[in-house]
Number of protein chains: 2
Amino acid sequence: MIPGPFLLYIGDKRNPLDIKTSRGLATFRREDCIGELREADNPVTLGLPRMDVAEAAAKGARALVLGVATSGGRMDEAMIPHILAALDAGLHVVSGLHQHLSSDRRIRERADELGRQLIDVRAAPEGLKVGTGARRPGRRILTVGTDCAVGKMYTALHLADALRARGIPARFRATGQTGVLIAGEGVVVDSVIADFISGAAEALSPARDSNVWDVIEGQGSLFNPSFAGVSLGLLHGAQPQALVMCHDPARPHMRGLPHMPVPGIAACIEENLRSARLTSPDVECVGVSINGSGLEPAAAEDLRAAISAETGLPCVDPVVTGMGSVVDRLVERFPASAS
Amino acid sequence: MIPGPFLLYIGDKRNPLDIKTSRGLATFRREDCIGELREADNPVTLGLPRMDVAEAAAKGARALVLGVATSGGRMDEAMIPHILAALDAGLHVVSGLHQHLSSDRRIRERADELGRQLIDVRAAPEGLKVGTGARRPGRRILTVGTDCAVGKMYTALHLADALRARGIPARFRATGQTGVLIAGEGVVVDSVIADFISGAAEALSPARDSNVWDVIEGQGSLFNPSFAGVSLGLLHGAQPQALVMCHDPARPHMRGLPHMPVPGIAACIEENLRSARLTSPDVECVGVSINGSGLEPAAAEDLRAAISAETGLPCVDPVVTGMGSVVDRLVERFPASAS
């Protein structure tokens with residue numbers, strides 16, 4: 001569906017949060033990433049070789065990935081020459097932006113002329129239905145968060161891996177542009193028509209009669225006023241039996257909103273459980289996942305212990321501790337039925 | 001923007017809730033409604049003369065309005081001949097459906113050929129931004145509800161009228177297809193890309209330095225799992241100082257969802273206040289608005305008294321009692337500043 005290997009676009013983006021889609025691919029599909037395209041004076045790197053489109057094509061890249069965030073999700077004018085050069089060099093172009101690649105006439109005409117693919121992972125699928133909230137069988141766990149970009153996708157990917165490593169069947173269900181690029185499928189729920197948010201989540205994790213866990217990537221936060229509607233619709237549509245709360249302790253305020261404080265973890269868990277009960281009355285939280293990369297190791301360990309003491313839940317950092325204690329809790333609370 | 005007078009389409013729709021857009025126009029813009037187009041064996045009526053497109057055109061109609069709800073918001077095949085006949089008869093066509101008129105080739109080509117307008121009130125405006133939740137000046141009151149289609153638009157329209165009748169400046173802000181048709185402007189928030197729900201609400205009721213009340217039409221319900229994401233994004237983006245809770249006591253369960261009970265009014269008020277405080281910390285509820293048309297008058301009066309006693313708030317039925325006691329409460333709680 002999405003042709004790799006990839007050349008990852010960084011361009012002039014200097015905020016690490018603005019390249020999270022490129023970073024996600026570089027982390028979870030490293031073997032498919034040939035290099036990174038960035039301005040010479042930009043120190044931000046994914047640790048891949050810096051190269052231009054011609055070099056990437058010569059090394060086997062098949063697509064340039066615009067894995068960056070921009071204001072309003074629109075293409076920067078600075079991207080356009082790189083996109084056109086990539087098409088000229090024989091690459092397809094993949095975008096995680098709201099603005100579709102084909103909406104720019106220069107890009108559309110060049111791709112048409114050269115027979116390249118323009119892939120917008122944020123294009124909403126056809127045929128979505130309005131959600132119903134009807135109870136459905138199957139095992140579903142959703143990652144939720146105190147804010148955007150606090151590790152909900154990382155946690156879900158690591159959790160699905162950790163479950164499988166224990167012999168518990170699980171599949172990652174992507175709901176954001178990075179997740180869809182990594183998994184090669186999914187629905188970018190913030191890009192569907194608002195009426196269909198919960199319906200998209202229901203379609204993504206349909207009824208299933210088995211012990212397989214659908215590990216669903218969460219979006220936004222009930223406490224982020226830019227995106228809480230998406231978070232709530234996803235929470236209702238996912239109808240999860242279990243939640244994992246994700247948090248970045250280095251976040252000084254809600255992302256991009258200096259007037260908005262980050263909520264407390266316990267309060268955020270309570271609010272998510274309260275909202276989730278509308279479609280999943282027995283939902284419970286089975287753990288907290290911290291991105292401790294901004295802290296000293298000892299401070300991060302103390303923080304995890306404090307959160308665990310406050311919430312009575314296991315508290316992990318996927319890349320430091322692994323997801324083991326959350327898996328323990330999930331297995332204890334939701335034993336596999338004999339089938 | 002939307003050319004009247006109108007011929008209102010009912011077709012074969014027999015559920016009164018399915019013709020609420022046509023009914024809204026027939027109620028609030030009666031003088032612009034020439035007739036209704038319905039199948040001969042359909043007893044559902046708006047009390048307008050039944051006529052075909054040719055007769056409507058002869059009587060001065062300028063547009064056929066598809067003011068009906070359909071499964072998934074798509075055009076029924078049964079509508080198509082009527083739409084084509086309307087174009088042939090000289091009418092423009094206005095639709096409140098999700099599916100755009102021009103997506104049907106037959107309609108698009110006929111309209112192009114004849115030079116008629118195809119107006120989709122659900123088409124999202126260009127240039128929407130992500131909401132910020134930043135505090136802004138201005139007076140805003142939002143109607144919220146226990147479910148969809150319980151009188152939020154009626155209540156907002158009657159409230160704006162009642163405020164103006166007291167000499168208090170107010171403007172109705174439409175957020176649904178019926179409201180936009182009635183007002184001739186607004187944003188259909190359930191039709192925007194999910195990322196932009198709260199941003200659309202912020203754009204609809206921007207900062208203003210005056211005593212004018214923006215009376216904002218609510219959508220859905222925090223307790224309706226199909227649409228709660230839209231309701232929450234609108235609540236955050238509207239940033240209202242005041243709420244009015246709307247309720248239909250005849251509703252046996254959430255609309256179209258027999259597995260979902262209707263929430264209690266007090267619990268629904270509390271949940272809306274809790275959620276609204278994220279962007280409007282001092283928000284309060286100033287009244288309850290009941291659609292008592294399904295009850296005997298004495299029973300409706302008893303119910304209003306009981307709700308008022310339970311909530312400590314005025315309880316009105318816009319078409320029976322008027323909005324006076326809610327206006328009293330609003331004026332008491334939010335006196336006009338000397339300006």
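These exercises work through helix packing, domains and chain contacts in a predicted model.

**Exercise 1. The two chains**

Task: Find how chain A is laid on chain B, and name the relation.

Solution:
- Step 1. Superpose the chains. Chain A fits on chain B with an RMSD of 0.0 Å.
- Step 2. Read the operation. The fit takes a turn of 180° and a shift of 0.0 Å along the axis.
- Step 3. Name it. This turn and shift are therefore the relation of a two-fold axis.
- Step 4. Check the surfaces. Of the interface residues of chain A, 100% are also interface residues in chain B, so the copies meet through the same surface.

**Exercise 2. The contact between the chains**

Task: How many residues does each chain give to the contact, and which element of chain A gives the largest share?

Solution:
- Step 1. Count by chain. Chain A contributes 32 residues and chain B contributes 32 residues.
- Step 2. Look for helices on the chain A side. H7 and H8 of chain A each supply at least two residues there.
- Step 3. Pick the main contributor. H8(A) has the largest share of the side of chain A that touches chain B, with 6 residues.
- Step 4. Sort that side by class. It holds 16 nonpolar, 13 polar and 3 charged residues.

**Exercise 3. H8 against H8**

Task: Are H8(A) and H8(B) roughly parallel or roughly antiparallel?

Solution:
- Step 1. Take the geometry. The axes of H8(A) and H8(B) come within 7 Å and cross at roughly 160°.
- Step 2. Apply the cut-off. Angles over 145 degrees count as roughly antiparallel. H8(A) and H8(B) are therefore roughly antiparallel to each other.
- Step 3. Add the hand. H8(A) and H8(B) make a right-handed crossing.
- Step 4. List the residues. From H8(A) come Ala228(A), Gly229(A), Val230(A), Leu232(A), Gly233(A) and His236(A). From H8(B) come Ala228(B), Gly229(B), Val230(B), Leu232(B), Gly233(B) and His236(B).
- Step 5. Sort them. The contact of H8(A) with H8(B) has 6 nonpolar, 6 polar and no charged residues.

**Exercise 4. H7 against H8 within a chain**

Task: Which residues join H7(A) to H8(A), and at what angle do the helices pack?

Solution:
- Step 1. Locate the helices in chain A. H7 spans residues 197-204, and H8 spans residues 228-238.
- Step 2. Take the geometry. H7(A) and H8(A) pack at about 40°, with their axes 7 Å apart.
- Step 3. Classify the angle. H7(A) and H8(A) are therefore oblique to each other. H7(A) passes H8(A) in a right-handed crossing.
- Step 4. List the residues. H7(A) uses Ile197(A), Ser198(A), Gly199(A), Ala200(A), Ala201(A) and Glu202(A). H8(A) uses Val230(A), Gly233(A), Leu234(A), His236(A), Gly237(A) and Ala238(A).
- Step 5. Sort them. The classes are 6 nonpolar, 5 polar and 1 charged.
- Step 6. Turn to chain B. The axes of H7(B) and H8(B) come within 7 Å and cross at roughly 40°. These helices are therefore oblique to each other. Their crossing is right-handed. Residues of the contact include Ile197(B) and Glu202(B) of H7(B), and Val230(B) and Ala238(B) of H8(B). By class, the contact has 6 nonpolar, 5 polar and 1 charged residues.

**Exercise 5. The domains of chain A**

Task: Where do the domains of chain A lie, and how many residues of each are in contact?

Solution:
- Step 1. Read the bounds. The domain assignment gives domain 1 as 6-120 and domain 2 as 139-333.
- Step 2. Place the centres. Over C-alpha atoms, the centres of domain 1 and domain 2 of chain A are 28 Å apart.
- Step 3. Count the contact. 11 residues of domain 1 touch 9 residues of domain 2.
- Step 4. Find the main element. On the domain 1 side, helix H1 (residues 20-28) of chain A gives the largest share, 5 residues.
- Step 5. Sort that side. The domain 1 side has 5 nonpolar, 4 polar and 2 charged residues.

**Exercise 6. Backbone details**

Task: Which peptide bonds from Gly4 to Pro5 are cis, and where is Ala149(B)?

Solution:
- Step 1. Start in chain A. The bond from Gly4(A) to Pro5(A) is cis, with omega near -5°. Pro5(A) sits in the segment before strand S1 (6-11) of chain A.
- Step 2. Repeat in chain B. The bond from Gly4(B) to Pro5(B) is cis, with omega near 0°. Pro5(B) lies in the segment before strand S1 (6-11) of chain B.
- Step 3. Check phi. Ala149(B) is not a glycine, yet has a positive phi of about 55°.
- Step 4. Locate the residue. Ala149(B) is in the loop between strand S6 (139-145) and helix H5 (152-165) of chain B.

How values were computed: Residues numbered from 1 in each chain as written. Chains lettered and ligands numbered in written order. Predicted model: local features only at pLDDT ≥ 70, side-chain atom pairs only at ≥ 80, totals over all residues. Axes fitted to C-alpha atoms, helices over the stretch in contact; angles between N-to-C directions. Helix = DSSP H or I, 4+ residues; strand = E, 2+ residues; numbered from the N terminus. Parallel < 35°, antiparallel > 145°, perpendicular 65-115°, else oblique. Left-handed = near helix turned anticlockwise from the far one by under 90°. Contact = placed C-beta atoms within 7 Å. Nonpolar A, V, L, I, M, F, W, Y, C, P; charged D, E, K, R; others polar. Least-squares fit on C-alpha atoms with pLDDT ≥ 70 in both. Domains from an automatic or database assignment.
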